[in-house]
Amino acid sequence: MLVERKVLSQFLRFGTVGVLGLFWDTATVYLLRPIVGLATAIFCAYFLAASINWALNRLWTFQGAGSHKHIMLQWLHFLAANSLGFVLNRGTVYTLCFTIPLCARYPVLALMAGSVAGMLANFSLSRRLVFREKSPETPAELIHMTIEPLDAFLQRGKPSSPEKH
C-alpha cells in the first residue's frame with residue numbers, strides 16, 4: 001500500500017511537471033516558428049522542454065533517486081530512456097500539424113495531444129531506468145529492468161492459466 005501511494009504521488013508530480021513542460025514546449029514552438037519554421041521548431045522545443053522536465057523531476061518528482069549518477073549522464077540517460085515517449089509525442093504532434101490545418105495554425109493543440117501520448121511511457125521508463133535508488137550493476141540487469149515493465153504490461157491482457165488439481 002505504501003509503495004502504491006509513493007508511485008501515485010510520483011505520477012501526480014510527474015504529470016504536474018509534464019504540464020509545465022507543455023508550457024515550455026509551446027512557448028518554444030511559438031518563439032522559434034517564425035525563425036526556423038514549424039517542423040524545426042517542434043523538434044527543438046522537445047529537447048528544451050525535456051531538459052527542463054528532467055531537472056524538475058530530478059529535484060521534485062523523484063527527489064534524489066538516481067542521484068548516484070553523474071548529472072550529465074543522468075540527463076542523457078533520461079533523454080535516451082524517454083525515446084519511446086519522444087516517438088509517441090512527436091509522432092502525434094507532426095501527424096496532427098501536417099494533416100489537420102487547425103493544428104498547423106494552433107500547434108498547442110497538437111502539443112497537448114503529443115504530451116498525453118508520451119506521458120505514460122515516459123513516467124514508467126523514467127521511474128524504472130533513470131530515477132532508481134540503485135543502478136543496474138550489469139548489462140543483463142539493465143536489460144531485465146527495461147523489459148520487465150513491457151512484459152508485465154503484455155501479461156495483463158492474457159488469461160491466467162488453469163490451475164492443476
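The following exercises, each with a worked solution, concern a predicted model of a protein chain.

**Exercise 1. Determine how many helices and strands the protein chain has, and how much of the chain is buried.**

Solution. Begin with the secondary structure: the protein chain contains 7 helices and 0 strands. Along the sequence, the pattern therefore reads α-α-α-α-α-α-α. Next, consider burial: of the 165 residues in the protein chain, 32% are buried. Then turn to the surface, where the chain exposes about 10200 Å², with 71% of this area supplied by carbon and sulfur atoms. Finally, among contacts between residues at least 6 apart in sequence, 70% join residues at least 24 apart.

**Exercise 2. Compare the span of helix 6 with that of a straight helix, and locate its kink.**

Solution. Helix 6 covers residues 107-130. A straight helix of 24 residues would span 34 Å at 1.5 Å a residue, whereas the end C-alpha atoms of helix 6 span only 30 Å. The helix has a kink of about 40°, centred on Met119. Its buried residues include Gly118 and Ala121, as well as Pro107 and Val130.

**Exercise 3. Establish whether Cys103 is buried or exposed, and whether it is in a disulfide or in none.**

Solution. First, Cys103 has a relative accessible area of 7%; this is under 20%, so Cys103 is buried. By contrast, Cys44 is partly exposed, at 34%. Second, a search of the whole structure finds 0 disulfides. For Cys103, the nearest cysteine sulfur is that of Cys97, 5.9 Å away. A disulfide requires sulfur atoms within 2.5 Å, so Cys103 is in no disulfide.

Key: Residues are numbered from 1 along each chain as its sequence is written. This is a predicted model: local features need pLDDT of at least 70, side-chain atom pairs count only at pLDDT 80 or more; totals for chains, interfaces and linings use all residues. Side-chain values use heavy atoms; hydrogens and water are left out. Buried means under 20% relative accessible area, exposed over 50%, partly exposed in between (1.4 Å probe, protein chains only). Helices (H or I, at least four residues) and strands (E, at least two) are DSSP runs, numbered from the N terminus. The expected span of a helix is 1.5 Å times one less than its number of residues. The bend at a residue is the angle between axes fitted to the seven residues ending there and the seven starting there. Contact means heavy atoms within 4.5 Å. Accessible areas come from the Shrake-Rupley method with a 1.4 Å probe; for residues, only the protein chains shown count as cover.
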